[in-house]
Structure formats: C-alpha cells, structure tokens
Amino acid sequence: MDVTNQTKVTEFILLGFSSVLHLRVTLFVIFLTVYLLSLMGNTLIIFIVLMDITLQTPMYIFLGNLSFLEIWYTTATVPKLLATCLSQVVTISVSGCITQYYFFFSMGATECILLAVMAYDRYLAICSPLRYSLLMSLQLCLRLSAGSWIGGFIAPLLPTILIAHLNFCGPQKINHFFCDSDPIFKLSCSETFLVEALGYTCSSVVILSSFLLTMSSYGHIVVTIIRLSSREARKKTFSTCTSHLTVVSIYYGTIIFAYVRPPAKYNFTIGKVISVFYCVVTPLVNPLIYTLRNKNVKKALRKTLAQGAPGWLSGLSCCLRLRS
C-alpha cells in the first residue's frame, strides 16, 4: 500500500471486551481474582520446590520452571486486560505492543517445549524406571530446562523483527486485549504476507512438533501401563502423570485452535474468548492441578506450613488434608 501522505501511528488503542461494557466491572473482578490466585498458586509451588529437598528432583524442577513461566506468561497480558475493563480508552505504544508480542509468544513457545520435556521425563520414569536416575541426571534436567527457555525465546525472534519494520498508518484500534499477531497485521499499511506466513509457520512448527513429541511420550507410557500385570499397579503408575496430561490437554486444546489455522480464518470475537483461557485460566489451573492431585506436593506443603505459616496458609493446609 502507498503510505505517502498517511499519518504514522505511534500508539494503539486496545479495545478489549468493549462490546460488553455493561459487564466490565464484573469481568474486572473475575479476571483480577483469577490473576491474583494464579500468582499466589504458582509462587507457592516455586517456594515449596525450593524449600523441600525431597522435591528437588527433575520432575519438580520442571514443575518449578513451569510455575515461574506461568507467572510471567500471565503478567504479559492480564494487566492490560484489567485496564480495558476499567477504562474505555487503553493505549499502548507501537514499540510496547511489539515488545508485548515478543514476550508473550516467547513464553508461549517456552511452555510448549517445557511441556514436551516434562512428558519425556515421565516417559523415562515409567518406561525405564531402573535407568531413570542415570538417563535423567540433574545435569541433563538443568540443560533441558535452560534449552526450553532459550529455544522459546529464539522461536519468535525473526517474526518480531519483521513486525518491527512494518508501517502502521491507521486505524489504530486493536480489537483485542493484548497485541496478538492477527490484530497487528490488520492494522499495517505495509505488505504483511511474508511476516504472516513466517509467523504462522513458526507457531505451527513449535506447537505441533512439541505436541507430537508429548503425545509420542504418552503413547509409549500408555503401552507400558497396559502391559503391567496388576490393575493396582496400572492405576498407581498412571496417576503419576495424570496431572501433567491434564495440563497438556487444556493448554494445547486452546492454542492449537487459536494459532494452528490459516490467518484468513481468524475470528476476533472467538479469538478473544479463547485467549482468555490460555492467558488467564490455564496459569491458574496448573497450580491447582499439581497441588490437589499430587500427593508429594501436598505432603511438602503441609510440612512447610507446619513449620510455621500465616493463618491463611494454615487454612489451606487443612483444606489439603481434608482432600487427602
């Protein structure tokens, strides 16, 4: 497009859920509550893993990484979401928008890789239990954790650089509560075919490859469990990976729907609703699933709280004891 004589946009307006203004106070309370609970839950998991030496094993080190990731993953988008619920005009600079885009997709890619690594860890623990400590050493665990972060932050780097070179001439309204890829492309007055194709390819490769690796690990796990002679042994073995499998199902179920599809098929209303699940809900679901379904985490939490904790944490300990 000819950008001559067009005013260059320096900031965008995030519309959020402006179509339901009568519900914005209700939405603000809901989103703020979920966000705070998510921060508390994931921080609590990190604290437990750091404080309890019995949890300083590969499985829980990966879990600590996941919780740390979820804190920043949700923080990248939710503050602006909350702002759109309180104000009709919420702005973000073009550079701030591109920065948000990069960090959001970096942490999303990191989570995909980390979930695949956690599935591989469960595969080794169940399919090769006698060699597990040798195959999944602490050194390899730390390398895989670091590799997940490095790979995740490299994946969206080139698309972000290309987006930074796009021209934006108006309109300046982003029909979303954060700087997602498709709403950004809709506002550009430059040719976006290359960056759209590259972004779509990168997201599809990261999501589908990590998803297939995860499913491959669980395929081998299921085969191993079926071969166990005792029903009780099968149930006990499968229970060690149900928490992770639940998280995987929720997370991939939403992001595959959102990002593994032709850009032309994007529906902004549906996109915003789906985004709420992986931006707001999933980061809260993770600590809930891992604390309420994991006996070792609940035991470590009760132990930590018993050594001295504020009143509200003691109440949480009682709730966990009752659920046990």
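**A small sheet and its helical surroundings**

In this predicted model, three strands form an open sheet, ordered β2-β1-β3 and with mixed pairing. The edges belong to β2 (90-93) and β3 (173-174), each of which pairs on one side only. On one flank, β1 (residues 11-14) runs antiparallel to β2, and 4 bridges join the two. One of the residues involved is Glu11, whose bridge partner in β2 is Ser93. On the other flank, β1 pairs with β3 in the parallel sense, this time over 2 bridges. Here Leu14 sits opposite Ile174 of β3.

Helices also pack against these strands. Helix α3 (residues 78-86) lies across β1 and β2, and its direction is at about 145° to β2. Helix α4 (residues 94-127) packs on the sheet too, touching β1, β2 and β3, and its direction makes about 85° with that of β2.

Besides touching the strands, α4 has a helical partner. It packs with helix α6 (residues 138-154) at an angle of about 145°, the axes being 7 Å apart. The crossing of α4 past α6 is right-handed. On the α4 side, the contact is made by Tyr102, Phe103, Phe105, Ser106, Met107, Ala109, Thr110, Ile113, Leu114 and Val117, while α6 brings in Leu144, Ser148, Trp149, Gly151, Gly152 and Phe153. Sorted by class, that contact holds 11 nonpolar and 5 polar residues, with no charged ones.

Moving along the chain, helix α7 (residues 157-164) packs with α9 at an angle of about 160°, with the axes 9 Å apart. That angle makes α7 roughly antiparallel to α9, and the crossing of the pair is left-handed. The residues that meet are Leu158, Pro159, Leu162 and Ile163 from α7 and Val195, Leu198, Gly199 and Cys202 from α9. By class, this contact of α7 with α9 comes out at 7 nonpolar, 1 polar and no charged residues.

Helix α9 (residues 193-226) also packs with helix α11 (residues 242-259): their axes come within 11 Å and cross at roughly 155°. α9 is therefore roughly antiparallel to α11, and this crossing is left-handed. From α9, the contact draws on Tyr200, Ser203, Ser204, Ile207, Ser210, Phe211, Thr214, Met215 and Tyr218; from α11, it draws on His244, Leu245, Val248, Tyr252, Ile255, Ile256 and Tyr259. The class count for the contact of α9 with α11 is 11 nonpolar, 5 polar and no charged residues.

As for annotation, an unreviewed UniProt entry places the feature "transmembrane region" at residues 101-120, 140-164, 205-226, 238-260 and 272-292. Two of these spans can be checked against the model. Residues 101-120 are 100% helix and 0% strand, and the C-alpha atoms at the ends of the span lie 29 Å apart. Residues 205-226 are likewise 100% helix and 0% strand, with the end C-alpha atoms 31 Å apart.

Methods:
Residues are numbered from 1 along each chain as its sequence is written. This is a predicted model: local features need pLDDT of at least 70, side-chain atom pairs count only at pLDDT 80 or more; totals for chains, interfaces and linings use all residues. Side-chain values use heavy atoms; hydrogens and water are left out. Axes are lines fitted to C-alpha atoms, for helices over the stretch in contact, and angles run from 0 to 180 degrees between N-to-C directions. Angles under 35 degrees count as roughly parallel, over 145 as roughly antiparallel, 65 to 115 as roughly perpendicular and the rest as oblique. A crossing is left-handed if the near helix is turned anticlockwise from the far one by less than a right angle, and right-handed if clockwise. Contact means heavy atoms within 4.5 Å. Ala, Val, Leu, Ile, Met, Phe, Trp, Tyr, Cys and Pro count as nonpolar, Asp, Glu, Lys and Arg as charged, and the others, Gly among them, as polar. UniProt positions are given in the numbering used here, feature names are shortened, and annotations may be inferred rather than shown by experiment. Two strands pair if DSSP finds at least two bridges between them.
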